[in-house]
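Student: Could you take one part of this model and look at it closely with me? I would like to follow how it connects to what surrounds it.

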Amino acid sequence: MTKRIPIFAHRGASGYALENSFKAFEKARKLGADGIELDVQCTKDNCLVVFHDIELFRLTGVKKKINECTYEELRRYSLGKHILRRFSKDKIPTLTEVVEWANLHNLPLNIELKESLLENRNAVIDVLKGLELPKGSHFSSFHDELLRIVKMQRPEFQTAIIITKKYNWQELSKQSHIDAVHAHKRYYKREYFRACIDAGKGLRYYSITGKESFLAYPDPSVIGWITDFPDIVAKAERSKNNKIDVQF
């Protein structure tokens, strides 16, 4: 039997419920996800909220940026896609609300720090003070400077850099403030495994659907899958591992 890789539900079980909503988080929990991936932006009045886009329009229909609004203003907006938002009771949650929920259920969080936080780093620092997270939680970001803040303020929290095409994998071993790498599944290649192993970092892959052949025999460098469909990925892991057991 190959090792069991933790499965994080991307923006909650976003394949089944509205992304970054409590419905998506609860759905992920009920489907047996090992953790929740979520996105954090900052409002005009320094409140950290769980929302992916800097622009509000896609999920609220409002033509404003999230950092142009106060939290009280955001609470007036219903969330949903197109006409469905007229019937929605979903609101943008705060990071504090989601952390309380996660601690209640002992469900690890993958907290992605988004671009609006670059303009208000003090808001990040303030939240980190006294923050308690479920075991196995970590922070991720495309923005190296935000991860440096996390590691400086709370060195015990794990950090993960989300890589882009421009990322220099050779620099990974020099980045002591980085504990892991998050990468699209197209980077599931030997050269990237080796770079992470040499640097002593783990790898989590996102955009996993459950159809990937490598789920049955993950490289030792892999420490997590990130998916919209945690139940399907878990089933694929079990199914393929069972087949391997029978063959041997």
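**A close look at strand β6**

Tutor: Let's start with one contact: Ala160 has Ala180 as its bridge partner in β7. This is a predicted model, in which local features need pLDDT of at least 70 and side-chain atom pairs count only at pLDDT 80 or more, while totals for chains, interfaces and linings use all residues. Residues are numbered from 1 along each chain as its sequence is written, and side-chain values use heavy atoms, with hydrogens and water left out.

Now to the strands themselves (E in DSSP, at least two residues; helices are H or I runs of at least four; both are numbered from the N terminus). Between β6 and strand β7 (residues 180-184) there are 3 bridges, and the two run parallel. Strands pair if DSSP finds at least two bridges between them. β6 also pairs with strand β5 (residues 138-141), again in parallel, through 4 bridges. One contact of that pairing involves Ser141, whose bridge partner in β6 is Ile161. To get from β5 to β6, the chain passes through helix α6 (residues 144-153), and this β-α-β crossover is right-handed (with the strands pointing away from the viewer, the path from the first strand over the helix to the second runs clockwise).

How covered is β6 (residues 158-162)? Of its 5 residues, 4 are buried (buried is under 20% relative accessible area, exposed over 50%, partly exposed in between, with a 1.4 Å probe and protein chains only).

Helix α6 leads us on to the nonpolar core. The largest one has 32 residues, and those with the most contacts inside it are Ile36, Leu38, Leu109, Ile111 and Phe139. A core here is a set of buried Ala, Val, Leu, Ile, Met, Phe, Trp, Tyr and Cys residues joined through side-chain atoms within 4.5 Å. At least two residues of this core come from each of α1 (22-30), β2 (35-42), β3 (48-50), α4, β4 (109-113), α5 (121-128) and α6. The most generous is α4, which gives 5 residues.

Let's turn to charges. The whole structure holds 17 salt bridges (a side-chain nitrogen of Lys or Arg within 4 Å of a carboxyl oxygen of Asp or Glu). Just past β7, Lys185 meets Glu212 in one of them, at 2.8 Å from N to O. Because Lys185 sits in the loop between β7 and α7 (190-199), and Glu212 in the loop between β8 (202-208) and β9 (222-227), the pair ties together parts that are 27 residues apart in sequence. Glu212 is buried, at 7% relative accessible area, whereas Lys185 is partly exposed at 25%.

Elsewhere, salt bridges that share partners join Arg11, Glu19, Asp39, Asp53 and Arg58 into one network. Arg11 bonds to Glu19 with the closest N and O atoms 3.2 Å apart, and Arg11 also meets Asp39 at 3.6 Å, N to O. Since Arg11 lies in the loop between β1 (7-10) and α1, and Asp39 in strand β2, this second pair ties together parts that are 28 residues apart in sequence. Relative accessibility puts Arg11 at 15%, Glu19 at 10% and Asp39 at 1%, each of which counts as buried.
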